[in-house]
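Student: Could you take me through the sheet in this one, strand by strand, along with whatever packs against it? I'd like a close look at that one part.

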Amino acid sequence: MVIVREGTAADRDFVIDTARRFAAFGPPPWRSAADIVGGEVRCLDDFFDGRLGGRTLVVAEEDGARLGFGFFEPAVDYFTGDADGHVGMIAVSEAAEGRGAGAALLAAAEDWARRRGYPRLHLNVFAGNDRARRLYERAGYAVETVRYVKRVE
């Protein structure tokens, strides 16, 4: 059975290694794998080094084996100015795919948001990450806006 617990400093290497998988899930051609991974790792380093307050990191595991992690943070709704919750990252190890870790992490994110009184929870996903998009849609998430990007250099 998959359980989700608070992350600790002892999870740092696992979390950062797992975050490196983000580069494999459909980044657009104007973003390099190094950009994607570098940005996520910088954020996680800031969290583990105590430079990011108000964020929560959780780890999914089964029988003591780590399967994935979630990183949750406060956000402000652009349209209303209300405080919301944001799923900054969810990643599972390749070996854990399809074992329920992603769904357990999403459920933990919803619980985190409810406990803080956030009326909404949102996340971002690369357009090409079909597997994650299907998971989010099954969990009740819906597309709100679509972001377009154009290089102008």
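Tutor: Start at the parallel end: β4 and β5 pair in the parallel sense over 3 bridges. Strands here are DSSP runs of E with at least two residues, helices are runs of H or I with at least four, and both are numbered from the N terminus; two strands pair if DSSP finds at least two bridges between them. Across that pairing, His86 sits opposite His122 in β5.

A word on ground rules: this is a predicted model, with local features needing pLDDT of at least 70 and side-chain atom pairs counting only at pLDDT 80 or more, while totals for chains, interfaces and linings use all residues. Residues are numbered from 1 along each chain as its sequence is written, and side-chain values use heavy atoms, leaving out hydrogens and water.

Now the whole sheet. It's open, with 5 strands in the order β1-β2-β3-β4-β5 and mixed pairing. β1 (2-6) and β5 (121-123) are the edges; each has a single partner strand, so one side of each is left without a neighbour in the sheet. From one strand to the next, the twist averages 30°, with axes fitted to C-alpha atoms (for helices, over the stretch in contact) and angles running from 0 to 180 degrees between N-to-C directions.

Next, the antiparallel part. β3 (residues 65-76) and β4 (residues 83-92) are joined by 9 bridges, and Gly70 has Ile90 in β4 as its bridge partner. Their hairpin has 6 residues between the strands, and Gly81 in that turn takes a positive phi of about 80°. On the other side, 7 bridges tie β3 to β2, again antiparallel, with Leu57 opposite Phe71 in β3. That hairpin has 2 residues between its strands, and here Asp63 has the positive phi, about 50°.

Stay with β2 (residues 56-62) a moment, since Glu62 belongs to that strand. Its side chain makes a polar contact (N or O atoms within 3.5 Å, one able to donate a hydrogen and the other to accept it; sequence-adjacent residues count only if both atoms are side-chain atoms) with the side chain of Arg99, at 2.6 Å. Beyond four places in sequence, Glu62 is in contact (heavy atoms within 4.5 Å) with Met1, Val2, Leu67 and Arg99.

As for what packs on the sheet, α1 touches β2, β3 and β4, and its direction makes about 80° with that of β3. α1 (residues 12-19) also meets α2 (residues 33-48): their axes come within 9 Å and cross at roughly 160°. The two helices are therefore roughly antiparallel, the label for angles over 145 degrees (under 35 is roughly parallel, 65 to 115 roughly perpendicular, the rest oblique). In that contact, Arg12, Val15, Ile16 and Ala19 of α1 meet Val37, Val41, Leu44, Asp45 and Phe48 of α2.
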